[in-house]
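Biologist: I should like a close look at a single part of this model, namely its aromatic pairs. Please set them in the context of the whole fold.

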Amino acid sequence: MKNITKIQLGHNGPFVSKLGLGCMRMSSIWGGSTPDETESIATIHEALDSGVNFLNTGDFYGAGHNEMLIGKAIKGRRDDAFISVKFGAIFHNGQWLGMDLRPIAIKNFINYSLTRLGVETIDLYQPSRMDNSVPVEDIIGTVADLIQEGKVRYIGVSEITADQLRKANSIHPISALEIGYSLAERGIESELLPTAKELGIGIVAFANTAEGLLTGEMQAPLPENDYRNHFSRFQGENLIHNLEKVEVLKQLASNKGCTPTQVAIAWVKEQGEHIMPLVSMSRRSRLPENIAAMNIVFTPEEMNTLNTTFATGAILGGTYLQR
């Protein structure tokens with residue numbers, strides 16, 4: 001069942017599935033419990049069988065566990081999978097300590113990743129964000145050297161500015177930009193998104209449901225132990241206001257016979273041929289709904305309703321994306 005549209009990442013770049021599978025939730029997230037490994041591997045297998053071949057991970061997800069998990073899942077199926085790896089973030093006991101993008105560190109990271117994944121080459125390799133203490137030339141130049149060594153195929157970047165993107169692309173062609181993008185998170189539309197389009201760089205868009213806000217399942221107030229309470233978007237009057245906006249999304253989804261999550265994913269998909277929704281999953285049961293979202297289209301009236309309701313600034317408060 002290969003029914004997923006393809007997207008090209010960058011000029012002369014690879015063709016991959018228009019829907020990406022985010023694998024982060026398949027590992028302990030910053031010290032939390034570890035999901036069921038058997039189910040996670042089965043989810044990757046079913047995704048590959050369905051034509052979803054873009055697998056997204058980070059070498060710091062679960063302190064390397066995520067890469068080892070993917071390595072098990074793709075054993076004997078390497079050609080079916082396109083592997084995207086983020087690097088550079090330093091964690092200890094679940095706490096973020098900062099970035100290390102020195103060339104010597106990058107050369108160390110890549111070899112650990114290759115070993116954990118059980119592969120000879122990583123398809124897309126990207127710093128998880130820029131480290132202002134290291135010149136962009138050194139970061140991108142080092143990954144370009146890894147391409148020459150045969151350890152990397154394409155270069156990506158993540159969570160950077162338009163100026164940084166231009167500079168990175170001038171050093172070596174950038175195939176993809178991974179960035180948060182959703183109806184509730186449209187800040188990249190003013191400068192970063194047009195820059196990427198101008199340069200022919202694909203967009204790998206994560207957080208399509210804005211930390212669950214757009215699923216239609218959130219209620220105010222959140223439980224006391226919910227990590228989202230740390231973000232102003234989910235606090236007090238902000239959350240009440242934001243959930244009122246989501247009611248419009250829920251009604252539109254009901255009218256179309258789909259879920260709010262599907263509408264949120266489909267909206268991202270519809271923003272351009274060069275834009276890929278990256279959806280995190282750890283259970284097979286989530287795949288059919290998310291794959292079906294890729295077939296949803298909107299009338300001009302429906303798109304206008306969504307864009308008006310969720311215009312830039314309509315959602316109050318911020319998340320880690322604004323930190």
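Modeller: The account below begins with the overall fold and then turns to the aromatic pairs. The model is a predicted one. Its secondary structure consists of 10 helices and 12 strands. The radius of gyration is 19 Å, close to the 20 Å given by the globule rule for 323 residues, so the protein is as compact as a globular protein of that length. Of the 323 residues, 57% are buried. Among contacts with a separation of 6 or more, 74% are between residues 24 or more positions apart.

Turning to the part requested, a search of the whole structure yields six aromatic pairs. One of them joins Phe54 and Phe82, whose rings are stacked, with 5.6 Å centre to centre and 20 degrees between the planes. This pair links distant parts of the chain, since Phe54 belongs to strand S4 (residues 54-58) and Phe82 to strand S5 (residues 82-87), 28 residues apart. Both Phe54 and Phe82 are buried.

Strand S5 also contributes Phe87, and Tyr125 lies in strand S8 (residues 122-127), so the pair they form ties together parts that are 38 residues apart in sequence. The rings of Phe87 and Tyr125 are stacked, at 4.2 Å centre to centre and with 20 degrees between the planes. Phe87 has 0% relative accessibility and therefore counts as buried; Tyr125, at 0% relative accessibility, likewise counts as buried. In addition, one aromatic cluster is formed by Phe60, Tyr61 and Phe91.

Terms used: Residues numbered from 1 in each chain as written. Predicted model: local features only at pLDDT ≥ 70, side-chain atom pairs only at ≥ 80, totals over all residues. Heavy atoms only, no water. Helix = DSSP H or I, 4+ residues; strand = E, 2+ residues; numbered from the N terminus. Rg over C-alpha atoms; globule rule 2.2 N^0.38 Å. Buried < 20%, exposed > 50% of the residue type's maximum accessible area, 1.4 Å probe, protein only. Contact = heavy atoms within 4.5 Å. Phe/Tyr/Trp six-rings, centres within 6.5 Å; stacked < 30°, edge-to-face > 60°.
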